[in-house]
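This text explains how aromatic rings are arranged in one structure. Please look at the sequence and the model before reading on.

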Amino acid sequence: LIGARLTALENAFHEHVTDGGDMGSGTGVNISGDLRVRAEFNDVDAGVGVGALAAGSDEMIWHRTRIDMEKAVGDADVYVQLQHSGRFGDNPANTVANAAGVFVDNATNLHQVYTNVHFGEDGNTRDLQVGRFEMAYGDETLIGPVGWSNVGRTFDGLRYTSREAGDDFGWDLFYTNLTDDDGTLVPALNPGTAVSDDTFMGLNLTWDEVLDGGLNVFYYKRNADATVAAGDRLNTLGFNWNRRDDDWNYYVQYAQQSGDTSNTAGAPEYDGDMMRATVSYDYDEDKSIALDYHTYSGDDGTSADFEGFRPLYQTGHGILGLADVFSQDGSDQNADGIKESGIQDISLHFKWNQDQDSSWGLAYHMFTANEMPAGFDDDFGDEIDLTYSYQYSDDVGFDFGYAAYSAPSNAVIGDYNFGWITTNVKF
């Protein structure tokens, strides 16, 4: 009798809970997850000039666990993602917030929790997403979830997506509040904080066939928290386009910014811009080479408007080199103390897929400032990045990386070496 009761309970459990699988594949809850542990090693030489950083070296261990739960309920999907993260080891380089040997526990939280309601019929997409969710658009130079981060970035709000079956046009609209509450990142990839409750909204229009490629035209608006920056209203209008032509790949993105820096009479207005252009070529079946160009405008101080590009919510790691020395505004890298010099990055990338389980990457970056006062060099140094990835099994993978930044003579940060080893486990 007891055995029969246990069997009945077990069958009832499996009727309502299934492990893994795709959302909506069964009548129960699909449960999966991942564990990531990353060891980081870095050392930096002393910088010079205003705001110069001291020399130092550190070792850190970062850990992050995420549990995913999914369930289909009628015409809706429900998704919940729990997250626990933390770090231990030496203090991140050149910070004073914690002592060496620190242990930081970011606790367990709801990283994502949302409902996606499907209104479309006959293959049409009309989805309304409501709750807390990640967002990523284009190459994530403007909006991304910051996967490298130990905490990541999410947004609270709603997003509506529409595309008719067989049509090459689609669009989405979102209205959100930022939930960037992590102040532990070094460098600080997430611009928001718990007391900076930015409102962020946007519209994306997408065409599949424009000049034999895909085109996305976007408009994003960020309203800063009134308690932090009253009247700060930043508009970003632009496009990105990508095309694949046999072994050639092309990507172009441009964005122009406008809006008020505050509600004070006569306050400067935003007038920055950015551009990215990439061309890559696949050869010999398992190798590719790419030339990449980034430019983010700076402010020379001669105009009444603010001409420096203001970062939105980008996935920072790797956009301007894997050492993460630079932000998109080129802040504080020259000894004169100017924070808004802007930055250009010309880089050459090589990738080799050694076999189905392993791949290598090599990149060289050359950085220059867009705006510098007379008498100061616009050289921002260069960087070499080396990466290796190995997929041990379907559920276990390893990533290795090393980035060496060579600083110019006028930099507030000296030569910088950064290495990491990451273990990823899915379950």
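The paragraphs below go through the aromatic pairs, a ring cluster and a charge over a ring.

The model is predicted. A search of the whole structure finds 28 aromatic pairs. A pair of aromatic rings is described by the distance of the centres and the angle of the planes.

One of the pairs consists of Trp-248 and Tyr-281, whose ring centres lie 4.7 Å apart with 40 degrees between the planes. The pair counts as tilted because its angle is neither under 30 degrees, as for stacked rings, nor over 60, as for edge-to-face ones. Trp-248 belongs to strand S12, residues 248-260, while Tyr-281 belongs to strand S13, residues 273-283. With their positions 33 residues apart, the two rings link distant parts of the chain. Trp-248 is partly exposed, at a relative accessible area of 39%, and Tyr-281 is partly exposed too, at 29%.

Another tilted pair is made by Tyr-296 and Phe-309, at 5.5 Å centre to centre and 50 degrees between the planes. Here Tyr-296 sits in strand S14 (residues 287-296), and Phe-309 sits in the loop between S14 and strand S15 (343-352). The two residues are 13 apart in the chain, and this pair also links distant parts of it. Tyr-296 has a relative accessible area of 0%, so it counts as buried. Phe-309 is buried as well, with 0% relative accessibility.

Rings can also join into a group. Ring pairs link Tyr-137, Phe-155, Phe-174, Phe-200, Phe-218, Tyr-220 and Tyr-313 into a cluster.

A charged residue comes last. Arg-38 lies over the face of Trp-148, 3.7 Å from the centre of the ring.

Key. Residues numbered from 1 in each chain as written. Predicted model: local features only at pLDDT ≥ 70, side-chain atom pairs only at ≥ 80, totals over all residues. Heavy atoms only, no water. Phe/Tyr/Trp six-rings, centres within 6.5 Å; stacked < 30°, edge-to-face > 60°. Helix = DSSP H or I, 4+ residues; strand = E, 2+ residues; numbered from the N terminus. Buried < 20%, exposed > 50% of the residue type's maximum accessible area, 1.4 Å probe, protein only. Lys NZ or Arg CZ within 6 Å of the ring centre and 35° of its normal.
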